[in-house]
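Here are a few exercises to work through with the model open in your viewer. Try each one yourself before reading the solution.

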Amino acid sequence: MKYVLVTGGVVSGLGKGVTASSIGLLLKSCGLRVTSIKIDPYLNTDAGTMSPFEHGEVFVLDDGGEVDLDLGNYERFLDITLTRDNNITTGKIYQSVLEKERKGEYLGKTVQVVPHITDAIQEWIERAAMIPVDGEEGPADVCVIELGGTIGDIESMPFIEALGQFSYRVGPGNFCLVHVSLVPVLNVVGEQKTKPTQHSVRGLRGLGLTPNILACRSTKALEDNVKEKLSQFCHVPAENIVTLYDVPNIWHIPLLLRDQKAHESILKGLNLLGTAREPDLTEWTARTKIYDMLHDPVKIAMVGKYVGLKDSYLSVLKALLHASVYHRKKLVVEWVEASHLEDITAEEDPETFKAAWNHLKGADGILVPGGFGDRGVQGKILAAKYARESNVPFLGICLGMQIAVIEYARSVLGLHNANSAEFDPKTPNPCVIFMPEGSKTHMGGTMRLGTRRTYVKAPDCKSAKLYGDATFVDERHRHRYEVNPDMISKLESAGMSFVGRDESGRRMEIVELPSHPFFIGVQFHPEFKSRPGKPSALFSGLIAASCGQLDSLLNKSSRVSKAVGSEMSNGKATYKGHQNGNYSNGGLNGSLNGVYMNVYAGTARHKTSEKEIEPNKKRVRH
């Protein structure tokens with residue numbers, strides 16, 4: 001196993017996660033199998049109990065792990081399926097060491113940071129690096145490790161010590177350190193300043209780690225004399241110093257690294273020059289060029305409660321972007337603070353109220369993402385009502401689905417006090433209830449998490465067509481409340497259709513309004529499985545509906561599904577595997593590959609047992 005460690009210096013927020021993802025993609029394009037690990041030095045066991053305002057979104061993995069959003073970048077860039085063990089935190093390490101201590105596994109020794117904590121860190125890295133994440137058997141060739149935080153942080157010291165020991169233990173040729181640092185340009189003098197990076201590298205070397213490559217963030221490409229100066233004072237060859245200057249979108253970063261021969265420096269440091277091929281980023285380059293050239297806008301109103309920090313909805317944004325690029329539309333997100341749509345805002349701040357409604361009414365489509373707590377719920381209900389009554393395309397995710405049900409019960413069934421037990425535990429008409437298996441005493445890791453199967457009960461519904469006429473889909477979940485099954489008959493008799501349910505038939509997963517052009521709510525989170533080249537089926541549907549292309553998309557999807565079914569029955573189909581179950585027919589037009597067949601036919605990948613797979617849907621090896 002070869003290891004690439006990515007660290008950061010000077011300031012936080014330089015883009016270590018994107019850099020690590022881009023390095024992984026570049027190495028993968030050289031024919032290597034790549035996995036990733038993110039180290040977060042905070043004491044939390046995982047990211048599950050942190051506020052989105054505190055740390056951005058919580059990314060959910062197939063196995064139910066609630067992890068840092070950088071693992072979402074890894075999965076999107078590398079097209080892999082990570083596990084909870086691929087996210088290491090101080091909390092996890094100390095918890096594992098203390099459990100061993102309580103069991104008496106240290107034989108009466110004094111348990112200390114060195115060697116017990118540092119050994120536990122190294123053991124965890126080695127164990128996680130061996131987990132297959134790309135659908136193939138056996139471990140990857142290279143593990144890219146990102147150390148969160150900034151060099152010099154007190155909380156990351158045990159990890160730096162452990163990584164120093166680790167680099168010595170695995171030996172030269174098996175470990176490459178990429179240090180991401182800042183080279184600022186002062187407006188007063190207009191000169192690129194190297195001193196912050198010099199000090200950062202000096203601190204890193206003082207802690208026992210020596211960088212092999214410097215990735216310098218700056219507003220423009222580094223000048224030759226600046227590179228020479230950094231090389232001289234940081235003891236890094238000039239050819240191993242790359243510039244990560246500001247670009248229109250992050251899809252350019254792997255191309256920047258390739259153009260500056262970063263892969264050659266990394267492969268040389270890992271003794272892989274004779275093994276790897278030249279990087280092939282043809283598809284990635286073409287997609288990036290399309291992204292840059294888009295000019296026909298599609299406006300989506302994002303109605304949420306965390307809009308003050310865009311990273312709170314990072315995966316939703318990426319899923320919208322993937323779908324809009326596929327449909328050749330320039331994504332314009334209208335951020336709408338849900339509480340600004342409410343009557344109380346009209347009384348307290350009429351201008352803000354008016355602006356929020358103007359943004360909502362000016363959008364081509366409306367998306368209500370997930371969330372927790374009652375702040376802004378009434379505004380989300382109003383947004384769903386506007387979308388329903390005005391025939392505006394609507395997608396509700398998790399809480400977004402639940403508020404759509406509440407709104408329908410209030411407006412159509414006439415149950416004006418209908419509500420969720422989350423917001424009003426004493427409501428006489430609970431449309432949304434606490435799940436029986438949930439815990440009301442412990443918050444962390446007690447929700448319904450990870451990939452779960454949804455069975456599509458209405459083959460002619462829009463959701464089924466978007467998923468390629470699927471009979472079931474596997475998507476990731478994160479919720480502790482659900483639609484009340486005792487109210488389903490009333491809602492369906494009034495025109496609402498619950499087209500997707502779990503294996504029991506009592507847990508609602510997908511809801512549609514058949515009379516509406518596009519009104520879909522889902523209990524799961526389809527954004528977590530969207531990829532740049534394989535957009536989520538439901539997000540693709542929302543964008544298509546918002547720009548008048550839905551009928552074409554549904555017809556095209558149906559044709560793809562029938563063609564795949566025909567070739568499968570004739571034994572002619574060839575499949576390109578995808579870690580989340582996206583399969584595509586290799587004999588069809590390449591632009592359709594993996595888009596409309598999202599999550600269908602490849603469901604055997606989702607840690608489900610053989611018994612859960614219908615007999616006529618065998619496992620596909622790839």
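**Exercise 1. The second largest pocket**

How much space lies in the second largest pocket? Then work out which residues are closest to its centre, and which elements give two or more residues to its lining.

Solution. Bear in mind that this is a predicted model.

- Step 1: start with the volume, which comes to about 920 Å³ for the second largest pocket.
- Step 2: go to the lining, made of 36 residues, where G13, G15, L69, D70 and D311 are the closest to the centre.
- Step 3: sort the lining by element. Two or more residues come from each of helix 1 (16-29), strand 2 (34-40), helix 2 (52-55), helix 3 (70-78), strand 9 (241-245) and helix 12 (314-326). Helix 1 gives the most, with four residues.
- Step 4: check the chemistry of the lining, which divides into 12 nonpolar, 11 polar and 13 charged residues.

**Exercise 2. Strands 1, 2 and 6**

Is strand 1 largely enclosed by the rest of the structure or not, and why? Find the strands joined to it by bridges, then follow the pairing on to strand 2.

Solution.

- Step 1: count the buried residues, taking buried as under 20% relative accessible area. In strand 1, seven of the seven residues are buried, so the strand is largely enclosed by the rest of the structure.
- Step 2: look at the two faces of strand 1. K2, V4, V6 and G8 point one way, Y3, L5 and T7 point the other way, and all are buried.
- Step 3: pair up strand 1. Five bridges join it to strand 6, running parallel, and six join it to strand 7 (residues 175-182), also parallel.
- Step 4: pin down the register. Y3 has C143 in strand 6 as its bridge partner, L5 stands opposite I145 in strand 6, and G8 is partnered by V180 in strand 7.
- Step 5: repeat the burial count for strand 6 (142-147). Six of its six residues are buried, so strand 6 is largely enclosed too. V142, V144 and E146 point one way and C143, I145 and L147 the other.
- Step 6: move on to strand 2, which six bridges join to strand 6 in a parallel run. Here V34 stands opposite V142.

**Exercise 3. Helix 5**

Why does the distance between the end C-alpha atoms of helix 5 agree with its number of residues? Also, which elements do its buried residues pack against?

Solution.

- Step 1: helix 5 (residues 113-129) has 17 residues, so at 1.5 Å a residue it should span 24 Å; the end C-alpha atoms are 23 Å apart, which agrees.
- Step 2: list the buried residues of helix 5, which are H116, I117, T118, A120, I121, Q122, W124, I125, A128 and A129.
- Step 3: find what they pack against, namely strand 1 (2-8), strand 2, strand 5 (87-89), helix 4 (90-103), strand 6 and helix 6 (157-170).

**Exercise 4. Cavities**

How many cavities of 30 Å³ or more are there, and which residues line the largest cavity?

Solution.

- Step 1: the count comes to three cavities of 30 Å³ or more.
- Step 2: the largest cavity has a volume of about 60 Å³.
- Step 3: its lining consists of G371, F372, C398, L399, Q402, E422, H479, R480 and Y481.
- Step 4: by class, that lining has four nonpolar, three polar and two charged residues.

Conventions
Residues numbered from 1 in each chain as written. Predicted model: local features only at pLDDT ≥ 70, side-chain atom pairs only at ≥ 80, totals over all residues. Heavy atoms only, no water. 1 Å grid on protein atoms, 1.4 Å probe; cavity = no way out; pocket = protein on both sides within 12 Å on 5 of 7 lines; lining within 4 Å. Points joined across faces, edges and corners; volume = space filled by probe spheres on them. Nonpolar A, V, L, I, M, F, W, Y, C, P; charged D, E, K, R; others polar. Expected span 1.5 Å × (residues − 1). Buried < 20%, exposed > 50% of the residue type's maximum accessible area, 1.4 Å probe, protein only. Contact = heavy atoms within 4.5 Å. Pairing = 2+ DSSP bridges.
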